[in-house]
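I opened this notebook to record a set of side-chain look-ups. The entries below are kept in the order in which I made them.

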Amino acid sequence: MDKDCILIQGLDLPSRIGVPEGERAAPQRLTVNLRLIPRRDFCALEDNLANTVNYAAVCDVLRAEAARKPRHLIETLAGDLAARLLADFPLRAVEIELRKYILPDTEYVGVKIWRTDEAHPQSAQS
């Protein structure tokens, strides 16, 4: 069974991304869906924001990281987003689905990654 998790769906992340230089010339609309596994189970939060992951702050950090520099690949951006979340928030693990709306005749192309906090080995369990 899944651990307690926080879900964020459909967050817009403007980013300069793409292999051709022209594609990176202006920010594109990307969206991200997240599954965040906090270090504390929900039953241990004591109804206190300081004991959980502030999802508004997560969204701000993701937007800043996506805009920080141009990248060629959405795979790279997904990895950078995961690394930043694990470094900045009390998370055991993150699942990131990143979508890009670039190809004609497709709803989107995307990648999905799962990363754990290496500093907390128990976080590899799901």
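The entries cover salt bridges, aromatic rings, cysteines and one leucine.

**Entry 1: status of the model.** I note at the outset that the model is predicted.

**Entry 2: salt bridges.** I looked up the salt bridges and obtained a count of 11. I then took individual pairs in turn.

I began with aspartate 41 and arginine 92, whose side chains form a salt bridge with an N to O distance of 3.8 Å. I recorded where the two partners lie: aspartate 41 is in the loop between strand 2 (30-38) and helix 2 (55-68), and arginine 92 is in strand 3 (residues 91-100), so this pair ties together parts that are 51 residues apart in sequence. I also checked accessibility. Aspartate 41 is partly exposed at 34% relative accessibility, whereas arginine 92 is buried at 13%.

Next I examined arginine 84 and aspartate 88, a salt bridge in which the closest N and O atoms are 2.7 Å apart. Both belong to helix 3 (residues 74-88), and because they are four residues apart there, about one helical turn separates them. I found arginine 84 partly exposed, with a relative accessible area of 28%, and aspartate 88 partly exposed at 38%.

I then asked which residues are linked with Arg84 and Asp88 in a network of salt bridges. The network also includes Glu65, Arg68, Arg71 and Asp80.

The last pair I noted is arginine 99 with glutamate 97, a salt bridge of 3.5 Å from N to O. I recorded both arginine 99 and glutamate 97 as buried.

**Entry 3: aromatic rings.** I searched for aromatic pairs and found one. Tyrosine 101 and tyrosine 108 make up this pair, with 6.3 Å between the ring centres and 65 degrees between the planes. I classed the geometry as edge-to-face, because the angle is over 60 degrees. Tyrosine 101 is partly exposed at 30% relative accessibility, and tyrosine 108 is partly exposed at 28%.

I returned to tyrosine 101 to look for a charge over its ring. The charged end of arginine 29 sits there, 4.6 Å from the ring centre.

**Entry 4: cysteines.** How many disulfides does the structure contain? I counted zero. For cysteine 5, the nearest cysteine sulfur belongs to cysteine 43 and is 14 Å away. For cysteine 59, the closest cysteine sulfur is that of cysteine 5, at 15 Å, which is too far for a bond. A disulfide would require the two sulfur atoms to be within 2.5 Å, so I regard cysteine 59 as unpaired. On accessibility, I recorded cysteine 5 as partly exposed at 24% and cysteine 59 as buried at 13%.

**Entry 5: leucine 98.** I closed with leucine 98, which is found in strand 3. Is leucine 98 buried or exposed? I recorded a relative accessible area of 0%, so leucine 98 is buried.

I then listed what leucine 98 touches, leaving out residues up to four places away in sequence. The contacts are Leu13, Leu30, Thr31, Val32, Ile74, Leu77, Ala78, Leu81, Val109, Gly110 and Val111. I also took one C-alpha to C-alpha distance: leucine 98 and leucine 34 are 8.7 Å apart in space and 64 residues apart in sequence.

How values were computed. Residues numbered from 1 in each chain as written. Predicted model: local features only at pLDDT ≥ 70, side-chain atom pairs only at ≥ 80, totals over all residues. Heavy atoms only, no water. Salt bridge = Lys/Arg side-chain N within 4 Å of Asp/Glu carboxyl O. Helix = DSSP H or I, 4+ residues; strand = E, 2+ residues; numbered from the N terminus. Buried < 20%, exposed > 50% of the residue type's maximum accessible area, 1.4 Å probe, protein only. Phe/Tyr/Trp six-rings, centres within 6.5 Å; stacked < 30°, edge-to-face > 60°. Lys NZ or Arg CZ within 6 Å of the ring centre and 35° of its normal. Contact = heavy atoms within 4.5 Å.
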